[in-house]
Amino acid sequence: MKVLGIETSCDETGVALYDTDAGLLAHRLHSQIDLHAAYGGVVPELASRDHIRRLPVLLRQTLADAGLDADGVDAVAYTSGPGLAGALLVGASVAEAFALARGIPALPVHHLEGHLLSPLLSADPPGFPFVALLVSGGHTQLMRVRGVGDYALLGESVDDAAGEAFDKTAKLLGLGYPGGPQLAKLAEQGVPGRFRLPRPMLHSGDLDFSFSGLKTAVLNQVSAPAWNAEGIADLAAEFQQAVVEVLCAKALAALKKVGLKTLVVAGGVGANRRLRETLDAALAKRGGRVHYPEPALCTDNGAMIAFAGALRLAAGDRGSRAGAVRIRPRWPLIELRPPRPAD
Ligand code: KG4
Ligand code: ZN
């Protein structure tokens, strides 16, 4: 079965074709970074308009890369939420129209389920069950994953997501958009420990996170009379270290709690080098292992959506009535259920 995947939840247009026998056939991505950079963040209306411009082109290119025409597609999976409503509507409309015209199923996919399952697309995939650390711009969650759609929430951020904290702190430090990767780059040149920032909720005894205080602590440092901009790389390094330490400690506590040794890290912050080194070392010491998506699939992409859709369709999910455009800008992951064949 060949599944077309369409992702338009935020500032990346992604299209992919996944074959349940042959694997990933093709995937294309267009990032809107240049479009939003001048505004210091994503402008939703511009994002929607750019998805409209790019999606038809990417669709044609992806089909051509895979050597298929539209008739070769058996189903369409698209990001139905969570995300920006206008941006989601573009992908959902195109996907549903494509499916309706071809008489094939359309499947609304949860964006975070796409991220969470994306490490299974790698050459050496993890097996179920595992603990997933989802660290994106909008979410920081620890989940116990027993199978597709079988997710139990172990802990989450009570305020800012890890990626959001990176982005807001980068802005505070005068770095451009997208903040996370720029802050991480600056942190590589600095030394943690020269400035002391808190490790929020490190000893809270639960698996929840809080990152908004960290941003305030950075603000206090840069507004102090003694602040010298030469220390910026060291402050960035300390900020990154604080986030990484908390994420790592809670991920280890989650694994201990549910008695597992396999950790899956997904979402944009999973691209952070320091986080990877720290988690890899910690798990290796405990005889466990960390799995990540392939580097190209760490941030938003169509491949993870095609793949999540294919797994659900293969398990008997029938998809929606073609033509009914479904978006859910707010959609808790734990509302998902394992795929169930329609009776
Ligand atoms: O998963 P993603 O691409 O989009 C969402 O679904 O949110 O994650 C984007 C987030 C942004 O907050 C971005 O700043 C952060 O991931 N990010 C990073 C790094 N690369 C991306 N944060 C820290 N270090 C990085 N290397
Ligand atoms: Zn994402």
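**Helix α5, a sheet and a zinc site**

Trainee: What phi does G174 take, just after α5?

Mentor: This is a predicted model, in which local features need pLDDT of at least 70, side-chain atom pairs count only at pLDDT 80 or more, and totals for chains, interfaces and linings use all residues. Residues are numbered from 1 along each chain as its sequence is written, chains are lettered from A and ligands numbered from 1 in the order in which they are written, and side-chain values use heavy atoms, without hydrogens and water. Helices (H or I, at least four residues) and strands (E, at least two) are DSSP runs numbered from the N terminus. The phi of G174 is positive, at about 80°.

Trainee: Are the buried residues of α5 on the same side or on opposite sides of the helix?

Mentor: Buried means under 20% relative accessible area, exposed over 50%, and partly exposed in between (1.4 Å probe, protein chains only). In α5 (residues 162-172), A162, G163, A165, F166, T169 and A170 are buried. The arc, taken from the directions from the helix axis to the C-beta atoms, is only 160°, so these residues are on the same side.

Trainee: Which residues does T169 touch, not counting those up to four places away in sequence?

Mentor: T169 is found in helix α5 and is buried, with a relative accessible area of 0%. The cover of the buried residues of α5 includes β6, β7, α6 (179-188), α7 (212-223) and α8 (232-258). Counting contact as heavy atoms within 4.5 Å, T169 touches L183, K215, V218 and F239.

Trainee: In what order do the five strands of the open sheet stand?

Mentor: Two strands pair if DSSP finds at least two bridges between them. The edge strands, β8 (150-156) and β10 (289-291), each pair on one side only. The pairing in this sheet is mixed, and the order is β8-β7-β6-β9-β10.

Trainee: Which residue of β7 is the bridge partner of F130?

Mentor: β6 and β7 form a hairpin with four residues between them. They pair in the antiparallel sense over six bridges. Within this pairing, the partner of F130 is V145.

Trainee: Which residue of β9 stands opposite L134?

Mentor: β6 also pairs with β9 (residues 262-266), and these two strands run parallel, joined by four bridges. Opposite L134 stands A266.

Trainee: How many of the six residues of β6 are buried?

Mentor: In a regular strand the side chains alternate between the two faces of the sheet. In β6 both faces are covered, with F130, A132 and L134 buried on one side and V131, L133 and V135 on the other. The strand is therefore largely enclosed by the rest of the structure, and the number of buried residues is six of the six.

Trainee: Why is the arrangement around the zinc ion (ligand 2) called irregular?

Mentor: Donors are N, O and S atoms within 2.8 Å of the metal (3.2 Å for Na, K and Ca), and water is not among the atoms, so sites may look incomplete. The zinc ion is coordinated by H111 (NE2), H115 (NE2) and D300 (OD), at 2.0 to 2.1 Å. Four donors count as tetrahedral if all angles lie between 85 and 135 degrees; four count as square planar and six as octahedral if opposite donors are over 155 degrees apart and all others between 65 and 115, and anything else is irregular. The four donor atoms here make an irregular arrangement because they subtend angles of 91 to 143°.

Trainee: How many residues apart in sequence are the parts that H115 and D300 tie together?

Mentor: H115 counts as buried at 2% relative accessibility, and D300 counts as buried at 13%. H115 lies in helix α4 (residues 111-117) and D300 in the loop between β10 and α10 (302-314), so the pair ties together parts whose separation in sequence is 185 residues.
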